[in-house]
Amino acid sequence: MWNKKTISKSEVEALTSKYRMDALTASILLRRGITEGKELLYFLEDDLRFQHSPFSFNAMEDAVDRILEAKEENEKVLIFGDRDVDGVTATTVLYECLVSMGIDVRYRLPKGDDAYGLSIQAVDDFEKEYGSLIITVDCGISNFTEIEYAVSKGMDVIVTDHHNPPEELPENCIILDPKIENSGYPFKDISGCAVAYKLVSALRFSQSPWYKTEAALLNVRPVNGAYTIECIKIRNLVPVSRLDETIVPGTILVSQTRLPAYLKGQAILVWDKTTTLRLMNEIFGSGAEFSFIDIREEVSKIYPSMGSYSLLKIKDMSTIARYGNHPATEIGGFYNIYVTYVQESLRRMNPKLKELEERDLQLVSLAALADIMPMRNENRLFVKKGLESINKGNIREGLLELMSRLSLTGKKIGSTDLSWNVVSNLNAAGRLGQPELAAELFLSKSADERNAVASKIMELNTKRKELTLEAWECAYPDVQKSIDEHGGKLCAIFDTRINRGVCGLLAGRITGSYDIPSMVVTETGDLAIGSMRSTRGLNLTSFLNSFGDIFENHGGHSAAAGFSLKKEKLSLFKEKVSELSDTIELEPSDTGNFEIDASLPPAYLTPEILKITDSLEPYGEENPALTFSAENLVAEEASVIGKQNQHLKVLVNAGGSKWPCLFWNEGARLGRDFSQGDRIDILFRMERNTFNRVETPQLILIDLRKHNDEN
């Protein structure tokens with residue numbers, strides 16, 4: 001069924017007026033339910049100023065100080081990562097930073113049949129090197145026993161992770177995980193690499209004069225015959241508290257207010273020292289003494305035009321305020337311009353900072369797509385900036401060699417290109433027990449070595465495809481039987497012939513094909529290893545927590561998770577799966593239903609629409625590629641293509657333009673659902689086809705029907 005949500009003209013006009021967007025974009029966002037300013041910000045803006053501060057993590061300063069101590073004391077540091085793209089990129093980002101700081105650092109990734117997460121063996125091996133600090137990336141939140149063991153050996157541990165936390169968190173360590181209670185971080189769904197990037201950003205900031213600096217921003221404004229003194233106290237550029245005092249002049253001494261205690265020991269920053277002092281003297285009398293720092297003079301050195309602006313004008317210029325759900329304030333504008341000033345000052349003090357951020361964000365963007373992070377909030381900034389850097393030709397080492405071999409250089413790259421080509425190849429290394437190859441690809445200083453590694457990774461991906469096909473052939477005969485046995489709520493495949501590296505891929509294929517949560521379990525050594533994929537609202541973290549102490553280890557996300565258990569517990573596990581499958585409640589399936597983002601009249605079906613699709617990149621989880629409909633188009637040409645005539649190729653005439661269309665695996669529709677020359681309605685997505693560096697827009701069909709004037 002083709003569904004298009006009804007929206008009103010007034011709703012469209014409200015968005016276009018407030019947020020300065022075109023009507024078609026407003027219509028698309030309205031249909032997707034993206035109407036709140038704090039969400040729209042990340043769809044309409046691309047400035048890294050809008051990412052969240054790394055010091056929003058309550059434990060970030062502790063983590064930074066411990067690493068700086070390791071540098072000062074010449075300690076040995078171990079980065080322990082994961083085998084997938086998220087883990088390898090996180091390892092790379094943090095490793096490069098620590099090396100640049102002169103820290104004695106090494107990294108370790110699970111190899112072969114190693115279990116997920118920090119291991120006792122890794123701790124023992126590091127002890128032999130007289131190591132003293134372990135930093136986990138994209139893992140660690142579930143490693144209670146291993147971290148306890150490391151601490152007993154006299155080591156300190158910093159956990160940087162993004163997986164759902166267990167009921168019992170590791171103790172005696174520093175934890176950076178946006179999903180733990182009271183993490184302080186305002187957005188939970190960033191990747192493990194993004195958490196590592198936040199740590200790196202904080203480490204870079206620690207080299208500046210603003211690290212650990214406490215200051216209070218102060219502003220005075222008249223209010224109905226009185227004055228309101230408003231203050232924001234900040235540390236590491238993050239607001240830690242706010243104070244407002246409204247005072248009628250001459251009625252109270254400054255010592256009788258909360259101001260002296262609040263401002264004690266703080267550098268007090270103001271905008272226009274002369275005016276602020278005059279107003280304060282009007283409030284408290286000329287005997288009151290204040291020590292203010294006029295920040296406007298410093299800001300105007302970088303932004304000369306700002307020197308003549310008042311805070312009243314600055315607040316109205318604030319981009320963040322425009323997307324807020326509350327009126328803009330002068331103190332808010334003051335805070336925003338101060339943070340912008342400091343960030344630009346940092347870039348001028350360290351000219352390489354922009355380049356370093358770009359290199360990091362290319363990897364952060366890969367991790368966000370690989371780990372299927374929602375394309376909302378700051379994830380959109382990460383992927384936008386990563387793609388922007390790649391498309392400018394500033395592709396970092398390692399990624400360049402792999403993309404060259406995949407014929408991805410010299411064309412406009414989108415999030416889909418990275419997901420389907422780059423990520424799949426990089427993940428193959430980890431799935432087949434050789435994640436160190438992906439790390440070497442990014443970290444090797446030799447172009448010849450990177451080229452050789454890129455070739456090996458592509459060979460592994462070819463093997464991964466073969467193993468996935470073999471796994472599907474093993475599992476397929478039992479899929480429907482398992483679904484029936486579990487009441488149509490779950491598919492559970494147990495097969496020792498399946499390679500552990502493709503369990504997650506097979507589970508994903510089953511879930512995608514049958515719209516049912518699935519698990520695939522195989523065996524290696526004395527363990528049974530399993531992967532799960534979810535759909536229709538089943539929370540895998542909660543589901544796996546229901547198995548109690550059956551597991552040796554388990555964790556992941558709500559939609560994708562993994563586990564391991566001793567083989568002798570496999571019978572008990574199967575019984576428990578059958579028992580718990582009865583308790584699963586799934587949301588209704590939407591298979592066969594298509595949500596339309598916009599219907600395009602023939603006159604609108606021009607290459608200009610690609611500007612709209614580009615503007616709403618990146619696409620991915622929670623922001624799928626745009627789905628358009630168009631009606632009453634002439635199918636001027638139609639043919640079947642492919643070795644088995646399985647695909648459909650159509651040329652449609654939209655009046656002012658003609659569009660080539662591809663409909664994968666639907667060759668049977670020609671002659672059955674329509675014929676060449678018929679008028680048809682189509683549901684489609686737009687993309688670019690690049691051949692010999694020549695770019696041609698084309699439509700990828702999702703559905704097609706013969707036009708009926710009564711539709």
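## A cis proline and its loop

Pro618 sits in the loop that runs between helix H24 (609–615) and strand E19 (628–641). This is a predicted model, and in it the peptide bond leading from Glu617 to Pro618 is cis, with omega near 5°.

## Two residues with positive phi

Let's look next at some backbone angles. Lys212 is not a glycine, yet its phi is positive, at about 65°. You will find Lys212 in the loop between H8 and strand E7 (214–223). With a relative accessible area of 33%, Lys212 counts as partly exposed.

Ser407 is not a glycine either, and it has a positive phi of about 60°. Ser407 belongs to the loop between helix H17 (399–405) and H18. Its relative accessible area is 57%, so Ser407 is exposed.

## The loop between H3 and H4

Two residues of this loop are worth a visit. Gln51 lies in the loop between H3 and H4, and it is buried, with a relative accessible area of 17%. Along the chain, Gln51 and Glu378 are 327 residues apart, while their C-alpha atoms are separated by 5.5 Å. Glu378 is also one of the residues that Gln51 touches; leaving out residues up to four places away in sequence, the list is Tyr197, Lys198, Glu378, Leu381 and Phe382.

Ser56 is placed in the loop between helix H3 (37–44) and helix H4 (60–72). It is buried because its relative accessible area, 14%, falls under 20%. Not counting residues up to four places away in sequence, Ser56 is in touch with Ser183, Gly184, Tyr185, Pro186 and Val238. For a sense of distance across the model, take Ser56 and Glu636: they are 580 residues apart in sequence and 58 Å apart in space, C-alpha to C-alpha.

## H5 against H8

Now for a pair of helices. Helix H5 (residues 85–100) packs with helix H8 (residues 192–205) at an angle of about 10°, and their axes are 7 Å apart. H5 and H8 are therefore roughly parallel to each other.

On the H5 side, the meeting residues are Asp86, Thr89, Ala90, Val93, Leu94, Cys97 and Leu98, and on the H8 side they are Gly192, Cys193, Ala196, Tyr197, Leu199, Val200 and Leu203. By character, this contact of H5 with H8 divides into 11 nonpolar, two polar and one charged. Tyr197 of H8 has appeared above already, among the residues touched by Gln51.

## H18 against H19

A second pair has another geometry to look at. Helix H18 (residues 415–431) and helix H19 (residues 435–443) pack at an angle of about 135°, and 5 Å separates their axes. That angle makes H18 oblique to H19.

H18 brings Leu426, Ala429 and Gly430 to the contact, and H19 brings Pro435, Leu437, Ala438, Leu441 and Phe442. Of the residues in this contact of H18 with H19, seven are nonpolar, one is polar and none is charged.

## The nonpolar cores

Which residues touch the most other members of the largest nonpolar core? In this core of 168 residues, they are Leu98, Tyr338, Leu366, Val422, Leu426 and Phe684. Two of these names also turn up in the helix pairs: Leu98 in the contact of H5 with H8, and Leu426 in the contact of H18 with H19.

Val422 shows what such a position looks like up close. Setting aside neighbours within four places in sequence, Val422 is in contact with Leu366, Leu399, Leu402, Met403, Leu406, Leu408 and Asp417. Apart from the largest core lies another, of 21 residues, which includes Met519, Met532, Leu544 and Val577. As background, nonpolar side chains tend to be buried together in soluble globular proteins.

## Cysteines without partners

How many disulfides does a search of the whole structure find? The count is zero. Cys474 is in no disulfide, and the nearest cysteine sulfur to it, in Cys503, is 11 Å away. Cys474 counts as buried, at 15% relative accessibility.

Why is Cys491 without a bond to Cys503? The sulfur of Cys503 is the closest cysteine sulfur to that of Cys491, but at 13 Å it is too far for a bond, since a disulfide needs sulfur atoms within 2.5 Å. Cys491 is buried as well, with a relative accessible area of 0%.

Note on methods:
Residues numbered from 1 in each chain as written. Predicted model: local features only at pLDDT ≥ 70, side-chain atom pairs only at ≥ 80, totals over all residues. Heavy atoms only, no water. Axes fitted to C-alpha atoms, helices over the stretch in contact; angles between N-to-C directions. Helix = DSSP H or I, 4+ residues; strand = E, 2+ residues; numbered from the N terminus. Parallel < 35°, antiparallel > 145°, perpendicular 65-115°, else oblique. Contact = heavy atoms within 4.5 Å. Nonpolar A, V, L, I, M, F, W, Y, C, P; charged D, E, K, R; others polar. Buried < 20%, exposed > 50% of the residue type's maximum accessible area, 1.4 Å probe, protein only. Core = buried A, V, L, I, M, F, W, Y, C linked by side-chain atoms within 4.5 Å.
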